[in-house]
Amino acid sequence: NIKSVLPASPTNNVSGGQAPVFSNVKPAQEVKLAEPSLNPRYTFENFVVGKHNELAHAAARVVAEQPGTKYNPFFMYGGVGLGKTHILQAIGLALRNQGKKVLYTTSEAFTNQFVAAVRTNSIEGFRKIFRSPHALLIDDIQFFSGKEGTQEEFFHTYNALVETNRQLVIAS
């Protein structure tokens, strides 16, 4: 089963694929937002809806139609091979088709980019990358476990996105 964690009430909150490939980290003023690596086959139209994933699918459609308002952040979890990445990327593709800047990444790529930014003293460039898109989609977030520095940076990124009504979608 794919499950999604939704707010207690579906009212407005206040507030694929491959991971993007980043070149060597550059000084903050030169870091650019990488294009998301979304698989064009992972659309809502190509997703097989069944009784075990219909709620996650329906909520994901709402996220794609009303980004940053309802279900923000949107968190999906479930076993391997149940379609979380497909739904995550379908949201990204739908938002990109609306002209929104979307960044899809994995927890590993986020962590690697964060570590590289710390090593090269370009944390502001890192923050610009991950806090500037209209939607940030992170796959396999469970791998942040035990990585305190990454968790802390993600916490601040989470707050920055939600407070500015930018959509955050997480899969685990």
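Biologist: Is histidine 52 buried, partly exposed or exposed, and what is its relative accessibility?

Modeller: Let's start there. This is a predicted model, and histidine 52 counts as partly exposed because its relative accessibility is 45%; the partly exposed class lies between 20% and 50%. Histidine 52 sits in the loop between β1 and α1.

Biologist: How far apart are histidine 52 and leucine 82, in sequence and in space?

Modeller: The two residues are 30 places apart in sequence, and their C-alpha atoms are 9.1 Å apart in space.

Biologist: Before we go on, what is the mean pLDDT of the protein?

Modeller: A good thing to ask early. Where pLDDT is low, the predicted coordinates should not be read in detail. Here the mean pLDDT is 84, and 79% of the residues reach 70 or more. Among the elements, strand β5 (residues 167-171) has the highest mean, 97, and strand β1 (residues 2-5) the lowest, 63. Over residues 7-36 the pLDDT is below 50, although this stretch has 65 contacts in the model beyond near neighbours in sequence.

Biologist: Thanks! Now for helices. How many residues of α2 are buried?

Modeller: In α2, 10 of the 14 residues are buried, so the helix is largely enclosed by the rest of the structure. Among those buried residues are Lys84, His86, Ile87 and Leu95.

Biologist: What span does α2 reach from its first C-alpha to its last?

Modeller: Helix α2 covers residues 84-97 and reaches 20 Å, close to the 20 Å expected at 1.5 Å a residue. Just after α2 comes glycine 99, with a positive phi of about 85°.

Biologist: And α3, what does its span look like?

Modeller: Helix α3 has 13 residues and reaches 18 Å, close to the expected 18 Å. Its buried residues are Ser107, Ala109, Phe110, Thr111, Gln113, Phe114 and Ala117. They pack against β3, α4, β4 and α5.

Biologist: Could we zoom in on one of them? Which residues does serine 107 touch, leaving out those up to four places away in sequence?

Modeller: Serine 107 touches Ile138, Asp139, Asp140, Ile141, Phe143 and Phe144. Serine 107 belongs to α3 and counts as buried because its relative accessibility is 2%.

Biologist: How do I read the packing of two helices? For instance, at what angle do the axes of α3 and α4 cross?

Modeller: Two packed helices are described by the angle between their axes and the distance between the axes. The axes of α3 and α4 come within 8 Å and cross at roughly 150°. That angle makes α3 roughly antiparallel to α4. On the α3 side, the contact is made by Phe110, Gln113, Phe114, Ala117 and Val118, and on the α4 side by Ile123, Phe126, Ile129 and Phe130. By class, these residues divide into 8 nonpolar, 1 polar and no charged.

Biologist: What about α3 and α5, at what angle do they pack?

Modeller: Helices α3 and α5 pack at about 100°, with their axes 10 Å apart. This makes α3 roughly perpendicular to α5. Phe110, Thr111 and Phe114 of α3 meet Gly149, Thr150, Glu153, Phe154 and Thr157 of α5. The contact of α3 with α5 has 3 nonpolar, 4 polar and 1 charged residues.

Biologist: Now the backbone. Which residues are joined by a cis peptide bond?

Modeller: Here is the background: most residues other than glycine have a negative phi, and most peptide bonds are trans. In this model, a cis peptide bond joins asparagine 72 and proline 73, with omega about 5°. Proline 73 lies in the loop between α1 and β2.

Biologist: What is the phi of tyrosine 71?

Modeller: Tyrosine 71 has a positive phi of about 55°, although it is not a glycine. Tyrosine 71 is also in the loop between α1 and β2, and it counts as buried because its relative accessibility is 11%.

Biologist: Let's return to a residue from the serine 107 list. What is the phi of aspartate 140?

Modeller: Phi of aspartate 140 is near 60°, a positive value in a residue other than glycine. Aspartate 140 is in the loop between β4 and α5 and is partly exposed, with a relative accessible area of 28%.

Biologist: And what is the phi of asparagine 121?

Modeller: Asparagine 121, just after α3, takes a positive phi of about 55°.

Technical notes: Residues are numbered from 1 along each chain as its sequence is written. This is a predicted model: local features need pLDDT of at least 70, side-chain atom pairs count only at pLDDT 80 or more; totals for chains, interfaces and linings use all residues. Side-chain values use heavy atoms; hydrogens and water are left out. Helices (H or I, at least four residues) and strands (E, at least two) are DSSP runs, numbered from the N terminus. Buried means under 20% relative accessible area, exposed over 50%, partly exposed in between (1.4 Å probe, protein chains only). Contact means heavy atoms within 4.5 Å. The expected span of a helix is 1.5 Å times one less than its number of residues. Axes are lines fitted to C-alpha atoms, for helices over the stretch in contact, and angles run from 0 to 180 degrees between N-to-C directions. Angles under 35 degrees count as roughly parallel, over 145 as roughly antiparallel, 65 to 115 as roughly perpendicular and the rest as oblique. Ala, Val, Leu, Ile, Met, Phe, Trp, Tyr, Cys and Pro count as nonpolar, Asp, Glu, Lys and Arg as charged, and the others, Gly among them, as polar. pLDDT is the predictor's confidence in each residue, from 0 to 100.
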